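Work through the exercises below with the sequence and the 3D view open. Try each task before you read its solution.

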Amino acid sequence: MSRAPRLHPDGKTRCPWPGEDPLYVAYHDTEWGVPEYDDRALYEKLILDGFQAGLSWITILRKRDNFRKAFDDFQPEKIARYNEKKVHALMNDAGIVRNKAKIDGAISSAKSYLAIMEKGPGFSKFLWDFMDGRPKVNHFKTTASVPASTPLSMQIYKELASRGFKFVGPTIVYAFMEATGMVNDHLVDCHCHASCGKSQRKPRLKAK
């Protein structure tokens with residue numbers, strides 16, 4: 001279903017997907033589409049997008065602080081060393097999405113991340129090299145125009161998968177690219193479209 005931007009009570013026009021949810025609106029305004037170049041922050045977002053598979057992003061966003069606590073603030077060095085006892089504890093943690101395949105995938109992806117960091121070229125550079133270091137700015141008017149995946153997200157997925165990353169299919173990768181500002185998919189009439197690439201990374205949102 002095609003949806004156009006909507007005018008909010010604060011006088012700002014936004015993409016339709018955050019609705020009126022304050023947490024979702026804050027995420028839309030301060031994080032989504034802002035270019036992210038920090039290696040660890042990119043790893044965290046990729047893992048959370050993997051946990052989102054089959055669910056809505058707002059579900060993950062509301063649990064994000066719980067995820068950060070459960071997964072040692074997404075420090076890959078720690079996650080890569082998780083053992084069966086830790087996995088069992090995570091499977092009993094009601095604050096996160098308890099899916100063993102996704103938990104195992106996060107551990108595998110941590111090991112792959114460390115390999116890219118240790119052997120080169122670094123996770124951020126690895127990802128942004130696909131974009132020649134610069135975000136791709138799209139000019140979509142409605143959500144119907146926004147793709148679920150692209151040939152480039154397929155290319156990145158294949159490269160990530162070949163390096164051992166899990167839950168990184170082309171649709172997940174494209175959502176990740178949108179969220180981390182590799183592509184600017186704010187609709188053209190959204191107040192964030194013009195300013196997104198110029199924005200500075202804000203402090204991490206706390207779930208409510």
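## Exercise 1: Start from one ring

Task: Which residues does Phe71 contact, leaving aside its neighbours within four places in sequence?

Solution. Contact means heavy atoms within 4.5 Å. With those neighbours left aside, Phe71 is in contact with Phe51, Ile79, Tyr82, Leu90, Ile96, Ile103 and Ala106.

A note on the ground rules comes next. This is a predicted model, where local features need pLDDT of at least 70, side-chain atom pairs count only at pLDDT 80 or more, and totals for chains, interfaces and linings use all residues. Residues are numbered from 1 along each chain as its sequence is written, and side-chain values use heavy atoms, with hydrogens and water left out.

## Exercise 2: Map the core

Task: Which residues touch the most other members of the largest nonpolar core?

Solution. Step one is the terms. A nonpolar core is a set of buried Ala, Val, Leu, Ile, Met, Phe, Trp, Tyr and Cys residues joined through side-chain atoms within 4.5 Å. Buried means under 20% relative accessible area, exposed means over 50%, and partly exposed lies in between (1.4 Å probe, protein chains only).

Step two is the core itself. The largest one has 48 residues, and Phe51, Phe67, Phe71, Phe123 and Leu160 touch the most other members. Elements that give two or more residues to this core include helix H1 (22–30), helix H2 (39–52), helix H3 (57–70) and helix H6 (100–119). H6 gives the most, with 7 residues. Helices (H or I, at least four residues) and strands (E, at least two) are DSSP runs, numbered from the N terminus.

Step three is the other core. Apart from the largest one lies a core of 5 residues, among them Cys15, Phe140, Cys190 and Cys192. In soluble globular proteins, nonpolar side chains tend to be buried together.

## Exercise 3: Sort the ring pairs

Task: Why is the pair of Phe123 and Phe126 stacked?

Solution. Rings of Phe, Tyr and Trp (its six-membered ring) pair if their centres lie within 6.5 Å. Planes under 30 degrees apart count as stacked, over 60 as edge-to-face and the rest as tilted. By this rule the count comes to 15 aromatic pairs. The ring centres of Phe123 and Phe126 are 6.3 Å apart and the planes meet at 15°, so this pair is stacked. Both residues lie in helix H7, 3 residues apart, about one turn of the helix.

Now move along to Phe130. Phe126 and Phe130 form an edge-to-face pair, with 5.6 Å centre to centre and 85° between the planes. Phe126 counts as buried, because its relative accessibility is 6%. Phe130 has a relative accessible area of 21%, so Phe130 is partly exposed. Tyr43, Tyr113, Phe123, Phe126, Phe130 and Phe165 form one aromatic cluster.

Task: Where does the charged end of Lys45 sit?

Solution. A charge sits over a ring if NZ of Lys or CZ of Arg is within 6 Å of the ring centre and within 35 degrees of the ring normal. The charged end of Lys45 sits over the ring of Trp57, 4.1 Å from its centre. Likewise, Lys86 lies over the face of Tyr82, at 5.0 Å from the ring centre.

## Exercise 4: Read helix H1

Task: Which residues of H1 are buried?

Solution. They are Leu23, Tyr24, Val25, Tyr27, His28 and Thr30. These residues pack against strand E2 (13–14), H2, H3, H9 and helix H10 (192–195).

Take Tyr24. Its relative accessibility is 13%, so Tyr24 counts as buried. Tyr24 touches Trp17, Pro18, Trp57, Ile58 and Leu61, not counting residues up to four places away in sequence.

Next, check the polar contacts. Such a contact is a pair of N or O atoms within 3.5 Å; within protein, one must be able to donate a hydrogen and the other to accept it, and residues adjacent in sequence count only if both atoms are side-chain atoms. At the start of H1, a side-chain oxygen of Asp21 reaches to within 2.9 Å of the backbone nitrogen of Leu23. The side chain of Thr30 reaches the backbone oxygen of Ala26 at 2.7 Å.

## Exercise 5: Step back

Task: How many helices and strands are there in the protein?

Solution. There are 10 helices and 4 strands. From the N terminus on, they run β-β-α-α-α-α-α-α-α-β-α-α-β-α. Of the 208 residues, 47% count as buried.
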